[in-house]
Amino acid sequence: MEVETVGKEEALPEGFFDDPVKDAKARNQEYKDPVEEEWEKFQREIREAATESNAIIAEDQEESTAERQIDEIDEQIRNWSRVLEIQRKKEATAAELERSKAKNMDQDDDSASEGQESEEFDEFVDWRSKKSHR
């Protein structure tokens, strides 16, 4: 029986050995377990999906934050317009009060001379008073 020698030029066919690890080793190739390859592919796809999901979540959060800030700014604008309107009313009321005071002071000056006559008249009209009449 002659043993045939296998030269470097001749290669063993794939699947020559029943054990896939020994088969890859005999052909000087790296053994790649199909289950491991599938697992790595699955993990890679999960990472990509998680990255995409995180990007979508971040975008949604930014969008909701921007909307909330716009709503808060709108509310502040409404509140400031109310403050300004109240301030205008306050200034108008203060000006009206000043005019009323000025008008009353003018009337008081006019009525001061009439005041002495009205006091004398009031004295006679008030018949219930216990004051002695002159």
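**A short tour of a helical protein model**

Hi everyone, let's start with one residue. Glutamate 75 comes out at 43% relative accessibility, so we call it partly exposed. Keep in mind that what you see above is a predicted model.

Where does glutamate 75 sit? Look along helix α2, which covers residues 34-125, and you will find glutamate 75 there. Glutamate 75 also belongs to a group: together with Glu59, Asp60, Glu62, Glu63, Glu67, Asp71, Glu72 and Asp74, it makes up a negative patch on the surface.

Let's step back to the whole protein for a moment. The secondary structure consists of two helices, and the number of strands is zero. How much of the protein is buried? There are 134 residues, and just 2% of them count as buried. The area that the protein exposes is about 13,400 Å², with carbon and sulfur atoms supplying 51% of that.

Now for some pairing. Side chains with opposite charges can pair when their charged atoms come close. How many salt bridges are there in this model? The count is two, so let's visit each in turn.

One salt bridge joins glutamate 85 to arginine 88, and their closest N and O atoms are 2.9 Å apart. Why are these two about one helical turn apart? Because glutamate 85 and arginine 88 are three residues apart in helix α2. As for its surroundings, glutamate 85 has 36% relative accessibility, which means that it counts as partly exposed.

The other pair is glutamate 96 and arginine 99, whose side chains meet in a salt bridge at 2.7 Å, N to O. Here too the residues lie in helix α2 and are three residues apart, so about one helical turn separates them. Are these two partners buried or exposed? Arginine 99 has a relative accessible area of 51%; the cut-off for exposed is over 50%, so arginine 99 is exposed. Glutamate 96, at 43% relative accessibility, counts as partly exposed.

My last stop has a different flavor. Which residues form a nonpolar patch on the surface? They are Trp39, Phe42 and Ile46, and together they have about 330 Å² of accessible area. Tryptophan 39 is part of helix α2, and its relative accessibility of 45% makes it partly exposed.

To wrap up, try finding three things in the structure: the negative patch that includes Glu75, the two salt bridges, and the nonpolar patch with Trp39. Thanks for listening!

Conventions: Residues are numbered from 1 along each chain as its sequence is written. This is a predicted model: local features need pLDDT of at least 70, side-chain atom pairs count only at pLDDT 80 or more; totals for chains, interfaces and linings use all residues. Side-chain values use heavy atoms; hydrogens and water are left out. Patches are made of residues with over 30% relative accessible area and no salt bridge: like charges are joined within 9 Å, nonpolar side chains (Val, Leu, Ile, Met, Phe, Trp, Tyr) within 5 Å. Accessible areas come from the Shrake-Rupley method with a 1.4 Å probe; for residues, only the protein chains shown count as cover. A salt bridge is a side-chain nitrogen of Lys or Arg within 4 Å of a carboxyl oxygen of Asp or Glu. Lys and Arg count as positive and Asp and Glu as negative; His and the chain ends are not counted. The place of a charge is taken as NZ of Lys, CZ of Arg, CG of Asp or CD of Glu. Helices (H or I, at least four residues) and strands (E, at least two) are DSSP runs, numbered from the N terminus. Buried means under 20% relative accessible area, exposed over 50%, partly exposed in between (1.4 Å probe, protein chains only).
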